[in-house]
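Hi everyone, thanks for making time. I'd like to walk you through a structure that will be new to most of you, so have a look at it with me.

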Amino acid sequence: MQLTQLLYASTICDELSVDEINMILKSSRKNNPGSGLTGLLYFNRRYFLQCIEGARTEVNETFHRIQQDTRHKNIVILHYSEISERFFPNWGMGYLTESSATQSVYIRFANNPLFNPYLMKGESALGMIKALKALKSGQQSQT
Ligand code: FAD
């Protein structure tokens with residue numbers, strides 16, 4: 001199996017309600033475990049940044065489905081590589097939304113207070129998603 005990681009950015013088509021975001025997470029968490037996929041979705045009310053990892057075929061199939069989704073547009077791959085181990089082994093799809101803590105993470109990687117994934121280098125975006133994972137793991141261990 002070729003373990004693969006894909007990171008992309010996209011923009012919402014219209015305002016998305018909390019219920020609609022929950023629907024996306026529900027579908028992800030329903031489908032991803034069966035496909036052996038793990039990852040993290042970050043959303044700042046305008047842009048998505050999502051990392052998906054797993055077997056290459058499954059990553060590509062799911063990404064193809066995500067690209068057809070009319071809830072977002074301008075889907076741009078920021079990073080794609082083979083990996084030796086997963087960053088998110090326990091998350092069918094972790095989720096984080098914008099907060100002052102995530103904004104600090106973004107400033108570290110983009111030197112800019114306004115999150116815009118399209119302006120980021122792939123490596124910076126990957127660094128950011130790893131830092132978001134550390135942030136989320138820290139939040140979980142405090143609850
Ligand atoms: P269901 O889960 O049964 O669909 C549930 C409901 O979602 C539908 O009844 C409908 O109301 C709504 N819906 C489904 N597809 C669409 C669509 N194309 N446009 C508008 N509404 C729709 N799916 C994953 O499996 N894994 C992921 O990691 C993942 N990440 C996503 C990230 C983003 C930013 C977005 C926007 C979508 C993501 N999705 C993901 C959802 C994906 O695009 C498909 O909608 C989903 O995989 C379809 O699954 P399903 O056939 O089991 O439908």
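Let me start with a bit of vocabulary: two strands pair if DSSP finds at least two bridges between them. With that in hand, look at strand 1, residues 3–12, and strand 3, which pair in the antiparallel sense over nine bridges. And before I go on, please keep in mind that this is a predicted model.

Let's stay with strand 3 for a moment, residues 47–55. On another side of the pairing story there's strand 2, residues 38–43, which runs antiparallel to strand 3 and is joined to it by six bridges. If you want landmarks, Y8 has Q50 in strand 3 as its bridge partner, and G39 stands opposite I52 of strand 3. Strand 2 and strand 3 form a hairpin with three residues between the strands, and R45 in that hairpin takes a positive phi near 80 degrees.

So, is strand 3 largely enclosed or not enclosed by the rest of the structure, and why? Well, nine of its nine residues are buried, so the strand is largely enclosed by the rest of the structure. C51 fits that picture: its relative accessibility is 0%, so it counts as buried. C13, in contrast, is at 29% and therefore counts as partly exposed. Since I've mentioned cysteines, you may ask how many disulfides the structure holds. The number is zero.

Now, the ligand. Which residues come nearest to it? There are 18 residues around the ligand, and the nearest are S27, K30, N32, R65 and D69. Let me zoom in on a few atoms. The side chain of S27 has an N or O atom 2.6 Å from an oxygen atom of the ligand. K30 also puts a polar side-chain atom 2.6 Å from a ligand oxygen. And remember Q50, the partner of Y8? Q50 has a polar side-chain atom 3.1 Å from a nitrogen atom of the ligand. Taken alone, the ligand exposes 910 Å², and the protein buries 69% of that.

Where does that shell come from? Helix 1 (18–35), strand 3 and helix 2 (56–67) each supply at least two of its residues. Helix 1 gives the most, with seven residues. By class, the shell has six nonpolar, eight polar and four charged residues.

Let me finish with a few side chains elsewhere. S10 sits in strand 1. At 0% relative accessibility, S10 counts as buried, and its side chain is joined to that of H72 by a polar contact of 2.7 Å. Over in strand 2 we find T38. T38 is buried too, with a relative accessible area of 7%, and its side chain makes a polar contact of 2.8 Å with the side chain of R86.

One last stop is Y118, in the loop between helix 3 (100–110) and helix 4 (122–142). Buried or partly exposed, what would you guess for Y118? At 27% relative accessibility, Y118 counts as partly exposed. In sequence, Y118 and I77 are 41 residues apart, while their C-alpha atoms are 9.5 Å apart in space.

That's my tour, and I'm happy to go back to any part of it.

Key
Residues numbered from 1 in each chain as written. Predicted model: local features only at pLDDT ≥ 70, side-chain atom pairs only at ≥ 80, totals over all residues. Heavy atoms only, no water. Near = heavy atom within 4 Å. Polar contact = N/O pair within 3.5 Å; in protein donor to acceptor, adjacent residues only side chain to side chain. Areas by Shrake-Rupley, 256 points an atom, 1.4 Å probe, with all protein chains shown as cover. Helix = DSSP H or I, 4+ residues; strand = E, 2+ residues; numbered from the N terminus. Nonpolar A, V, L, I, M, F, W, Y, C, P; charged D, E, K, R; others polar. Buried < 20%, exposed > 50% of the residue type's maximum accessible area, 1.4 Å probe, protein only. Disulfide = S-S within 2.5 Å.
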